[in-house]
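Biologist: I'm new to this one and would like to understand the words used for it. Could you show it to me and let me ask where they come from?

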Amino acid sequence: MSSVTDRDGRFSPGYLALLPVLVGIFIAADDQTVIVTVLPQILLDLNVQVNELDRASWTLTGYLLGYVAAMPLIGRMSDVWGHRNLYIASMLLFMVGSVAAALTTSLNWFVFARVVQAVGAGALLPISIAIVADLFPPGKRGVPLGLIGASSEAGAVIGPLWGGLIGEIWGWPWVFWMNIPLGALVLIPLLALLPSSPRFPARIDYIGSVLLAAALCTITLALARVDSPDVLFLAYTLSAGITFILFIIRQGRADSPLLPLTMFRSRAFGAANGTHLLVGAALIIGMVTIPLMANTVLEKTALGGGLMLMRMTIAIPVGAVLGGLACQRMDARVPTVLGLLLIALGYGLMSSWGTGIADPVMTIHLGVTGLGFGFLIAPISLAAINSVSDELRGTASAVVTAMRVVGMTFGLAALTAWGTGRFEQLVVGLELPLALPGETAEQTQARVREFESALTDAGLSVFNDFFLIAMAVSLIAILPAIFMGLKQDVDCDSAAR
């Protein structure tokens with residue numbers, strides 16, 4: 001719908017129509033991370049005991065499962081029923097989940113409510129990417145996609161602060177009640193400003209969607225247990241393999257497959273998904289390692305660890321806008337490779353951190369890494385939606401968005417399994433410095449200091465290795481990214497000219 005843009009693609013009716021879409025993404029992203037600060041109070045009010053923390057983890061795992069499992073189906077439904085219609089439906093579902101969470105009286109009910117929330121929230125981002133393709137011509141999509149990414153990342157950054165503020169003033173249920181008026185503030189202007197999206201009627205492969213959702217759920221559950229493999233780990237892995245094979249068979253036979261195999265014949269589409277998978281793995285390494293390092297070897301408080309991580313995450317929205325601007329002026333590969341190099345540089349610098357790391361050096365290193373992640377958002381999304389036909393934009397957006405979540409899941413599992421083993425290797429031979437007969441208090445204290453120093457060195461070594469691994473993953477991601485901007489698949493600036 002090029003008519004909604006002006007000659008320069010800026011400050012046009014297209015951007016005005018996109019505004020409520022951006023606000024909706026911000027709200028949904030906020031709710032992904034808002035749980036971090038209010039979860040302790042929720043568990044206390046729901047009488048969840050300390051020895052039941054494995055059940056409490058489902059408040060996070062359940063959200064992840066709901067977020068990723070339904071995304072491909074809703075992306076396909078948005079192509080068939082219209083992106084605008086599915087955006088509205090997803091926002092309403094998110095609001096229903098919010099009400100259920102606010103009214104919860106048990107942990108199981110709360111987990112269910114979070115899954116419902118996640119299905120709605122998870123659909124908003126890929127549908128928004130498809131809406132950009134509805135509103136803007138190919139050469140003008142870079143900046144809007146950058147704004148989409150910036151809104152999502154900014155919401156995730158604000159989430160913990162928002163949750164802490166609302167929870168402190170009114171209590172944790174109001175964190176979820178507030179989504180109702182905020183959702184209404186999104187839907188009312190959206191109905192007035194966003195034009196109807198094109199619809200491409202087709203049968204929806206619900207059988208394929210169930211198989212894919214089952215595969216994604218079971219592989220996620222399997223990876224969550226990879227650090228301590230057991231019978232359930234094997235069962236989940238086997239189930240994931242079987243359901244994924246059945247899904248592939250189904251896609252080859254279905255008249256209207258959920259994920260048409262023709263999409264994956266595009267080099268740009270395959271490259272965008274491969275790049276995003278690796279980006280997700282690199283991102284989760286930083287998201288986990290930075291606060292964990294802060295809370296242990298750097299001896300910071302939980303708040304200090306969060307503020308330390310924010311130095312990276314707050315730079316991502318800035319990078320997203322810059323990446324969108326760059327992508328409207330050059331081939332998609334340029335901002336993608338630049339972003340990956342910035343990530344590798346940032347992680348490489350962080351791999352040399354010691355216990356004395358401080359500002360401004362710390363902030364510079366984290367900021368460089370965050371800018372790199374932001375730079376990738378627009379070109380990867382652009383490569384995905386520009387490399388498929390119009391009737392598959394929502395599907396393509398959902399797949400490439402889900403791929404980052406899958407990459408984060410794989411990265412977290414590998415991080416947990418390898419890190420645990422590596423730390424155990426480094427502390428082999430260390431013994432607790434118990435007081436020995438005839439030893440003075442000073443001698444005992446000296447051995448305690450040596451023991452603590454050895455533990456700190458071991459932890460620091462593991463964290464530094466994590467950063468080096470993330471750097472390597474970022475550099476490897478350049479290989480698929482090279483194929484992401486091939487002229488026959490996607491060219492950021494051809495349409496602009």
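Modeller: The accessible surface of the protein chain comes to about 21,100 Å², and carbon and sulfur atoms hold 68% of that surface. Please keep in mind that this is a predicted model.

Biologist: Thanks! What makes up the fold, in terms of helices and strands?

Modeller: The protein chain has 20 helices and zero strands. Buried residues account for 55% of its 497 residues. Among contacts with a separation of 6 or more, 84% join residues that are 24 or more positions apart.

Biologist: Let me try a single residue. Why is Thr-369 called buried?

Modeller: Buried means under 20% relative accessible area. Thr-369 has a relative accessible area of 0%, so it is called buried. Thr-369 sits in helix 17.

Biologist: Which residues does Thr-369 touch, not counting those up to four places away in sequence?

Modeller: With those set aside, Thr-369 touches Met-312, Leu-342, Ile-343, Gly-346, Tyr-347 and Met-350. Each of these counts as touching because a contact means heavy atoms within 4.5 Å.

Biologist: And why is Arg-225 called partly exposed?

Modeller: The label partly exposed covers what lies between under 20% and over 50%. Arg-225 has a relative accessible area of 27%, so partly exposed is the right label. Arg-225 is in the loop between helix 11 and helix 12.

Biologist: What are the neighbours of Arg-225?

Modeller: Not counting residues up to four places away in sequence, Arg-225 touches Asp-230, Leu-232, Phe-233 and Tyr-236. Arg-225 and Thr-416 are 191 residues apart in sequence, while their C-alpha atoms are 9.4 Å apart in space.

Biologist: Now the empty spaces. How many cavities of 30 Å³ or more does a search of the whole structure find?

Modeller: The search finds three cavities of that kind. The largest cavity has about 60 Å³ of space, and the second largest has about 40 Å³.

Biologist: What makes the space of about 60 Å³ a cavity rather than a pocket?

Modeller: In a cavity a 1.4 Å probe fits but cannot get out, whereas a pocket is open. The lining of the largest cavity consists of Glu-153, His-276, Val-279, Leu-283, Ile-316, Phe-373, Leu-376, Ile-377 and Arg-404. Helix 13 (267–295) and helix 17 (361–386) each give at least two residues to that lining.

Biologist: How many residues in the lining of the largest cavity are charged?

Modeller: Two are charged, one is polar and six are nonpolar. Glu and Arg count as charged, so Glu-153 and Arg-404 are the charged ones in the lining.

Biologist: What lines the second largest cavity?

Modeller: Its lining is Ile-25, Ala-28, Ala-29, Gln-32, Tyr-67, Ala-121, Leu-124, Leu-125 and Ser-152. Two or more of these residues come from each of helix 1 (13–33) and helix 7 (107–135). Helix 1 gives the largest share, four residues. By class there are seven nonpolar, two polar and no charged residues.

Biologist: What about the second largest pocket: how many residues line it, and of what class?

Modeller: The second largest pocket has a volume of about 460 Å³. Of the 19 residues lining it, Leu-212, Leu-216, Phe-244, Leu-259 and Met-403 lie nearest its centre. The lining divides into 18 nonpolar, one polar and no charged residues. Helix 11 (206–223), helix 12 (231–253) and helix 18 (393–426) each supply at least two of the residues.

Definitions and conventions: Residues numbered from 1 in each chain as written. Predicted model: local features only at pLDDT ≥ 70, side-chain atom pairs only at ≥ 80, totals over all residues. Heavy atoms only, no water. 1 Å grid on protein atoms, 1.4 Å probe; cavity = no way out; pocket = protein on both sides within 12 Å on 5 of 7 lines; lining within 4 Å. Points joined across faces, edges and corners; volume = space filled by probe spheres on them. Buried < 20%, exposed > 50% of the residue type's maximum accessible area, 1.4 Å probe, protein only. Areas by Shrake-Rupley, 256 points an atom, 1.4 Å probe, with all protein chains shown as cover.
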